[in-house]
Structure formats: C-alpha cells, structure tokens
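Student: I have a model open in front of me, and I would like to learn how to read its strands and its interior. Could you take me through it step by step?

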Amino acid sequence: MQTKLWIPEDPSNPKDQSIQEASDLLKQHQVVAFPTETVYGLGADATSEAAVAGIFEAKGRPSDNPLIVHVSNRDQVDRLVERIPDVARTLMDAFWPGPLTLIMESNGSAASNVTAGLSTIGIRMPDHPLALALLEAAETPLAAPSANRSGRPSPTKAEHVRQDLDGRVAGILDGGTTGVGLESTVLDCTTEVPVILRPGGITKEQLEEVLPEVAVDPALAAEDDHKPKSPGMKYTHYAPESPLWLVEGDDEFFMEQLEQLKADGKRVGVIASGELAEKLDHQPVIRCGSRENLAEVAVQLYDALREFKRSEVDLILTESFEETGVGAAVMNRLRKASVRVLSSS
C-alpha cells in the first residue's frame, strides 16, 4: 500500500483539497492518520466494522483493546450513546473540545470492534482545527487510537507516524507537532462517582474544579486478563526501541545507578529534566523539559522515547517525576514503557 502524505494549505477548512482527499478515503473505509492536540490518531469510520478492522491490522493491536471515538459535535454523541449523563454534559461544557474522553453507555451504533464487546463507549471532541475539519468532511465519527505500531511510543509528529506505519495506512495528514503530547484523560461516567481510567491531558485537579468528587481506578497499573475498559490499561505501551529503566529516587541515586551501569560496560542513553542533566557528566542525554513545568515534560516525552535507537544504546535510563497534575500522566506512561524500575526505597 502506498501511503499518501498531505500538508493542508487551509487546515481548518473541511473543503481543503487535502482534507477532502483524506475524507474520501475514510468514506471508502480506508484508514487515515491525522493530528489532534494530544497525539496523532489513526482514524476510520467508527460505524463500519470493516473500516475499524483496518486500524487493528495497521497497528498490530489486540482486538480486546477498545478504541476512542472522535466527534466534531454533540449530535454525533447523541447518535452513539443511550443517553448523555448530566455529569458528562457538565464535563463537555468545561473541557470540550479538549483532551478528555468520556465513557458512556453505548447504544450499539458504533461497530462492535470499537467497543471490544463492552456495553460502554469512549468519546471525545479533539481540540485541533485539522482534526475537526476532517471529522466534518468525513461526516461520521472516527475511531482513532494513536497512530503508531502497538506498543511503540505514541506519535507527536507526522514523521513518527511515517516511521511506524508507512505502507500500512492510506494516508497521513501532517498538522505539525501536537500540543499536549500525551493522550487524553479517560473518565468513566457510568459510575456514581466518575472514575479516571487513564490519566492524561486533563488532570484530576482540573476535574475536581467542576465535579464534587473524582476517583482513580486502582486497576490503572494492573496487568491482568480482564477486558480493559480504556486504552492503555493493558499490554505493553509506549516502549522505545531500547529497554527503558525507570529510576525512582533523588539525583544522587540516579547518578549512582548510571555510573554502575557504565562500569558494567553498558551503553546508556539518558532522558532527564534540565535540572538533572546539568549535573550529569555523560552523553548521550536528551533533556525532557523542566521539573518546574511538567506540561513541558509531557509535550517532549514521546519524542524523547523515540530518539534512542537500539544500535546506539543498550538501555535508556530515565528519571521519575512528581505525580501531581499532568505528572500523573507522565509517570503512568513511563511505568507502562519501562521494563525495570530502580528504586532507592
């Protein structure tokens, strides 16, 4: 399959020629990658089982992993769910369009392989002009997980999509680098107290500003045989080419682990905040934002995870970050990506 690459001249206009060509392919039940404010998504008609099957084939994704459906307006939500709970309406008013996926009861209109056999469906409205223009041109909700091979770091640039999926998808809409850098927060609105199933671009603290109570699913870190209710709750995710080791401890502990690995003859790549990088006498080091600005870390994380190639390093050592605000999402992704944790406690 030849993968087309488009750079729209007018990315907010559904009638832009590139967007029209991409939407035509979607209407033919092809799979097209497009940018959102979080990461690049791999879109297909959410009402067509055959179209959605193309997503699983392109990604190599397990079929029991549900997909998030992207919409351009609330009428499309009404067509997909039994009803919109009051709490979901409150959250839509506060955070849509934006990086918040809401889990509601499905009415069965979406293809069965979108929901992976569950009675619920995850829906969000992306906050990206090109994504919204494509959704409007396609005239249908789009199922769209991250546009990468399953298990790899999610793509924040069109080039990342090309690296993973060239020849496996019909086309890629290039909208530049994404803004948030991590996937959406997934919130279950079918329970009495809404439950965060995946931390992401909207923080628990932000949700608590508009809701009286928000819970966090204790199964977030669990790896078991139960069907996941949200993407990112099962299987290895976000893994770079070389094994990622996560260091949980202060800077001195990190430097001790690094020196020991070097003494053992290991070629070590490092992902570090600017604060830690300043203390290291080591190369290669990729700076991943500042501890004082975890949103900056989130934006740069996936790009950093893709930077080191297996031919260059034996392993990647990364520091841990405070789990406040978007730091909870950063640490969720690092734990999912890592094969080993070195802890000072």
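**Reading strands and cores**

Tutor: Let us begin with strand E13, which runs parallel to strand E14 (residues 285-287) and is joined to E14 by three bridges. Within that pairing, Ile271 stands opposite Ile286 of E14. Please keep in mind throughout that this is a predicted model.

Student: Which strand, besides that one, is joined to E13 by four bridges?

Tutor: That is strand E15 (residues 315-319), which also runs parallel to E13, and here Val270 has Leu317 as its bridge partner in E15.

Student: How should I read the two faces of a strand, and are those of E13 covered or uncovered?

Tutor: The general idea is that side chains in a regular strand alternate between the two faces of the sheet. In E13 (residues 268-272), Val268, Val270 and Ala272 lie on one side, Gly269 and Ile271 lie on the other, and both faces are covered. Five of the five residues of E13 are buried, where buried means under 20% relative accessible area.

Student: In what order do the 11 strands of the open sheet follow one another?

Tutor: The order is E1-E8-E2-E3-E7-E4-E6-E5-E9-E10-E11, with mixed pairing. At the edges are strand E1 (4-6) and strand E11 (215-216), each of which pairs on one side only. For an antiparallel example, take strand E4 (residues 68-70) and strand E7 (residues 142-143), which pair over two bridges, with Ala143 in E7 as the bridge partner of Val69.

Student: Which strands does helix H1 lie across?

Tutor: Helix H1 (residues 17-27) lies across E1, strand E2 (32-35), strand E3 (40-45), E7 and strand E8 (171-173), and runs at about 140 degrees to E1.

Student: Turning to the interior, which residues of the largest nonpolar core touch the most other members?

Tutor: They are Leu102, Ile123 and Leu187, in a core of 46 residues. At least two residues each come from several elements, among them E3, helix H4 (86-95), strand E5 (100-105) and strand E6 (120-124), while helix H2 (49-59) gives the largest share, five residues.

Student: What is Leu187 in contact with, leaving aside its neighbours within four places in sequence?

Tutor: Its contacts include Leu91, Leu100, Leu102, Ile103, Pro194, Ile196, Leu207 and Val214. There is also a second, separate core of 25 residues, and Ile271, with which we began, belongs to that second core, as do Leu182, Leu244 and Ala337.

Key. Residues numbered from 1 in each chain as written. Predicted model: local features only at pLDDT ≥ 70, side-chain atom pairs only at ≥ 80, totals over all residues. Heavy atoms only, no water. Pairing = 2+ DSSP bridges. Contact = heavy atoms within 4.5 Å. Axes fitted to C-alpha atoms, helices over the stretch in contact; angles between N-to-C directions. Buried < 20%, exposed > 50% of the residue type's maximum accessible area, 1.4 Å probe, protein only. Core = buried A, V, L, I, M, F, W, Y, C linked by side-chain atoms within 4.5 Å.
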